[in-house]
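Please open the model in your viewer and keep a selection prompt ready, because each stop on this tour begins with something to select.

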Amino acid sequence: MHPVIPSIPVKVGNLFIGGNHPVVIQSMTNTDTLDTEATVEQCKRLFDAGCQMVRITAPGLKEARNLEKIKNELRQSGYEGPLVADIHFLPDAALVAAGIVEKVRINPGNYCDRKTGKTEFSKAERQAEIERITQRLSPLVEVCRKQGTAIRIGVNQGSLSERIVARYGNTPQAMVESALEFLQIFESLDFDQLVISMKSSRVRTMDKAVRMLVERMRRKGRIYPLHLGVTEAGDGEDARVVSTIGIGSLLLDGIGNTIRVSLTEPPENEIPVAKDILEAVEILQGYTEQALDTVEVVYPDILGLKGWKDGTKGQDLARLVTYIRWGRLLLQGYTGDFKIKGKAFTEEEKETIMDNLYQAVGLRSHKTRFIACPSCGRTKYDIQSVLAKVKARFPDYPNLTIAVMGCIVNGPGEMADADYGYIGCGNGQVNLYRKGELVQSHIPENEALDALEALIRAEHNPRTGH
Ligand code: SF4
């Protein structure tokens, strides 16, 4: 699938992101980066599934150095797909990684800023911070220029810098300003091999921020390629629905050059979902708005083309097409009534799709909203099974968001809008949070679910959520 909005092309190893190149599918490992064998094997599984680029976390210098071993083993086994290092907090790790892998992701909210609790910044203080960041980015740019390494400015709503939040709040605009601030610094250093992402666990926020950024870049006359994804989407059907709507709605409008479906599941599960989203968007692009209004006409075509007869693929694609088509309109403010028509679904399935649509775009809630990070090399517990248990124990709190996060480094910030949070902190222990505040720490894991239940039940009744 090709993007419609032209951006500058960015070379990432043997691929290009942006320009008129097809949308690239990527994912991320969740193994310990120091476990070379497990990481290499997971990368291979991802590439075999059709992933084109794999990101690996490098939380420290040791992990950054180990990327070389991982890359060498992959290349020796004939896997040529680009690798990306994921960096938070440690510019030195970025410097090492930039000499090894084809792309480095940095987070403008924490590249060289730590939280201090400061809520006000004078103009002079802001300027001093920009100068400090420029100094810290300058050596990275030099390595990237020399090695032909690209950089992703990876903005996450949950980890914006205090300087940005103090000025713009925790808003889509703040995300845009954060990206543009770093973009301007890179441009001042004469470096343009950049990809930008604007992630949030809320589809609406992500959609708004990306569209706003595109508009600002368009006005500046230079559009950089965009990486799309809904972060902390969780697992199962709910995660697939929010990713399909978030990513698909933007792709349908020609926005986006690389995508990552983020699931708290084995990462190779992300790839078929990403492929299906691209396929569903391509189908939708083949129809005019008027034709889409008469979905009875559209579905038989889709289903006829995509194996309606064996009852498999056609059904999935029909669902994806429905989510993207209506999700995009709801995100754009459509307030009219609509009905899912056609023979693709039973009446019960249609009802479920409607409920999922409204829940995903944040307009109505019929069940607990769960968010969970996809986990990475920082995760020190079995987040996938814990998420399943949390979802099974607390399904009926429609007004609550419960987060299950993989690490205490980024987890607390990135789940800041959750009402309750569960984070495994290693050594079989768990920290519990309420509205972003740590309320119980180092609980043995086998007691943590009961402790979370006691915490929630002290303040809320199931179903009413009050
Ligand atoms: S929050 Fe999850 S994905 Fe993010 S760094 Fe921590 S473990 Fe990794």
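The stops below go from a pair of helices to a cavity, a pocket and three loop residues. Throughout, bear in mind that this is a predicted model.

**Helix α14**

Begin by selecting residues 383-393, which form helix α14, and within that helix highlight Ile-383, Val-386, Leu-387 and Val-390, each of them buried. If you turn the view until you look down the axis of α14, the buried residues fall within an arc of 100 degrees, so they line one face of the helix. To see what lies over that face, add β11 (369-372), β12 (401-405), β13 (420-426) and α16 (445-457), which are among the elements covering the buried residues of α14.

**Helix α16**

Keep α16 on screen and hide the rest for a moment: its 13 residues reach 19 Å from the first C-alpha to the last, close to the 18 Å expected at 1.5 Å a residue. Its buried residues are Ala-448, Leu-449, Ala-451, Leu-452, Glu-453, Leu-455 and Ile-456, and a charged residue, Glu-453, is thus included in that list. Bring the surroundings back, and the cover over these buried residues of α16 includes α14, β12 and β13, together with β14 (429-434) and β15 (437-444).

**The largest cavity**

How many cavities of 30 Å³ or more does the model hold? The count comes to 3, and the largest cavity contains about 370 Å³ of space. To centre the view on the largest cavity, select His-88, Arg-105, Thr-231, Pro-374 and Glu-414, which lie nearest its centre among the 27 residues of the lining. The elements that give two or more residues to this lining are β7 (150-156), β8 (194-199) and α15 (411-414), and β7 gives the most, with 3 residues. Coloured by class, the lining of the largest cavity shows 8 nonpolar, 10 polar and 9 charged residues.

**The largest pocket**

Next, move to the largest pocket, whose volume is about 480 Å³. Of the 31 residues that line the largest pocket, Arg-202, Val-242, Gln-359, Ala-360 and Arg-369 lie nearest its centre and make a convenient selection. The elements that give two or more residues to the lining of this pocket are α7 (203-220), α8 (236-252), α13 (347-360) and β11, with α8 providing the largest share, 4 residues. By class, the lining of the largest pocket divides into 11 nonpolar, 10 polar and 10 charged residues.

**Three loop residues**

Select Asp-190, in the loop between α6 (172-188) and β8, and check its backbone: phi is near 60 degrees, a positive value in a residue other than glycine. Is Asp-190 buried or exposed? With a relative accessible area of 65%, Asp-190 is exposed.

Ser-375, in the loop between β11 and α14, also has a positive phi, about 70 degrees, although it is not a glycine. Ser-375, however, is buried, with a relative accessible area of 7%.

Finish at Thr-29, in the loop between β3 (24-28) and α1 (36-49), which is buried with a relative accessible area of 0%. Leaving aside neighbours within four places in sequence, Thr-29 is in contact with Thr-39, Gln-42, Cys-43, Leu-46, Val-54, Arg-55, Ile-56, Ser-375 and Cys-376, so that selecting these partners leads back to Ser-375 from the previous stop.

Definitions and conventions: Residues numbered from 1 in each chain as written. Predicted model: local features only at pLDDT ≥ 70, side-chain atom pairs only at ≥ 80, totals over all residues. Heavy atoms only, no water. Buried < 20%, exposed > 50% of the residue type's maximum accessible area, 1.4 Å probe, protein only. Arc of directions from axis to C-beta. Contact = heavy atoms within 4.5 Å. Expected span 1.5 Å × (residues − 1). 1 Å grid on protein atoms, 1.4 Å probe; cavity = no way out; pocket = protein on both sides within 12 Å on 5 of 7 lines; lining within 4 Å. Points joined across faces, edges and corners; volume = space filled by probe spheres on them.
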